[in-house]
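Thanks for asking me to look this one over. My comments are set out as numbered points, so you can take them in any order.

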Amino acid sequence: MDTIYVFIVIIILSVSFSIIKRLIRSYRLQQLLFALQEKNTGLFQKLVNSKINLILFPKYNLEYLKLNGYILEKNSEMIEEQFKVLNQYVLSKEQRKDLLLKKLTYYTTTKSEKAMETLKMISDFKDTDFLSKAQEIYAKLNS
């Protein structure tokens, strides 16, 4: 009989922990997005570098958020560094596409010659829809 109570307590604690973690994650994400929307880069950097985020979010997502913060700050040195960091991850095809579009948009808006290199990487995907979307972004931002 005692083992059943222990088992029930363990299940209740596990479910409670999961719910609490989800609520904290949602709250923290709202704080991060609010700081980005308000262009409060100091608060954003403080929040994104918080140790609790390593428990709440996948490392790649935090690095991607940092990239958005650096883009907001227009910190080209850190943006380049963050692109290197993100390229080291094993990414799904969709994550790779998203990162390439982020690079293309950034390089095109900054008039960097790396925009054409990125467009070449996109064409290597052999995905015509993806390539046409990228070419449309490039053309729109280049005009």
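The points below go through helix packing, then a few single residues.

1. A word on the source before anything else: this is a predicted model. Please read every value below as computed from that predicted model.

2. Let me start with helix H2, which spans residues 41-48. Its buried residues are Phe 44, Gln 45, Leu 47 and Val 48. Around the axis they cover an arc of only 165°, which puts them on the same side of H2. As for what this side meets, the buried residues of H2 pack against three helices: H1 (2-37), H3 (52-56) and H4 (59-73).

3. Arg 28 ties in well with the previous point. This residue belongs to helix H1 and has a relative accessible area of 15%. The cut-off for buried is under 20%, so Arg 28 counts as buried. Setting aside neighbours within four places in sequence, Arg 28 is in contact with Leu 47, Ser 50, Ile 52, Asn 53, Leu 56 and Phe 57. One of these, Leu 47, is also among the buried residues of H2. For Phe 57, the C-alpha to C-alpha distance from Arg 28 is 9.7 Å, with the two positions 29 residues apart in sequence numbering.

4. Next, the pair H4 and H5. How are two packed helices described? By the angle between their axes and the distance between those axes. Helix H5 covers residues 76-87, and H4 packs with H5 at an angle of about 160°, the axes being 9 Å apart. An angle over 145 degrees counts as roughly antiparallel, and H4 and H5 are therefore roughly antiparallel to each other. Their crossing is left-handed. On the H4 side the contact is made by Tyr 60, Glu 63, Tyr 64, Lys 66, Leu 67, Tyr 70 and Ile 71, and on the H5 side by Met 78, Ile 79, Gln 82, Phe 83, Val 85 and Leu 86. By class, the residues of this contact divide into 10 nonpolar, 1 polar and 2 charged.

5. Gln 82 deserves a look of its own within that contact. It is found in helix H5. Is Gln 82 buried or exposed? Its relative accessible area is 4%, so Gln 82 is buried. Not counting residues up to four places away in sequence, Gln 82 touches Glu 63, Lys 66, Leu 67 and Tyr 70. Tyr 60 belongs to the H4 side of the helix contact; Gln 82 and Tyr 60 are 22 residues apart in sequence and 11 Å apart in space, C-alpha to C-alpha.

6. H5 also has a partner in helix H6 (residues 93-109). These two pack at an angle of about 160°, with their axes 12 Å apart. H5 and H6 are therefore roughly antiparallel to each other, and their crossing is left-handed. H5 contributes Ser 76, Ile 79, Glu 80, Phe 83, Leu 86 and Asn 87 to the contact, while H6 contributes Arg 96, Leu 99, Lys 102, Lys 103, Tyr 106 and Tyr 107. Here the division is 6 nonpolar, 2 polar and 4 charged.

7. Staying with H6, you may want to look at Lys 97, which is found in this helix. At 10% relative accessibility, Lys 97 counts as buried. Which residues does it meet, leaving aside neighbours within four places in sequence? Lys 97 is in contact with Phe 125, Asp 127 and Phe 130.

8. Two lysines come up for their backbone angles. Lys 39 has a positive phi of about 55° although it is not a glycine, and this residue is found in the loop between H1 and H2. With a relative accessible area of 61%, Lys 39 is exposed. For Lys 111, phi is near 60°, again a positive value in a residue other than glycine. Lys 111 lies in the loop between H6 and helix H7 (114-123) and, with a relative accessible area of 57%, is exposed.

9. Finally, a separation along H1's early residues and H6. Thr 3 lies in helix H1 and is exposed, with a relative accessible area of 62%. The C-alpha atoms of Thr 3 and Leu 99 are separated by 50 Å, and the two residues are 96 apart along the chain. Leu 99 is one of the H6 residues in the contact with H5.

Methods
Residues are numbered from 1 along each chain as its sequence is written. This is a predicted model: local features need pLDDT of at least 70, side-chain atom pairs count only at pLDDT 80 or more; totals for chains, interfaces and linings use all residues. Side-chain values use heavy atoms; hydrogens and water are left out. Buried means under 20% relative accessible area, exposed over 50%, partly exposed in between (1.4 Å probe, protein chains only). Helices (H or I, at least four residues) and strands (E, at least two) are DSSP runs, numbered from the N terminus. The arc is that of the directions from the helix axis to the C-beta atoms. Contact means heavy atoms within 4.5 Å. Axes are lines fitted to C-alpha atoms, for helices over the stretch in contact, and angles run from 0 to 180 degrees between N-to-C directions. Angles under 35 degrees count as roughly parallel, over 145 as roughly antiparallel, 65 to 115 as roughly perpendicular and the rest as oblique. A crossing is left-handed if the near helix is turned anticlockwise from the far one by less than a right angle, and right-handed if clockwise. Ala, Val, Leu, Ile, Met, Phe, Trp, Tyr, Cys and Pro count as nonpolar, Asp, Glu, Lys and Arg as charged, and the others, Gly among them, as polar.
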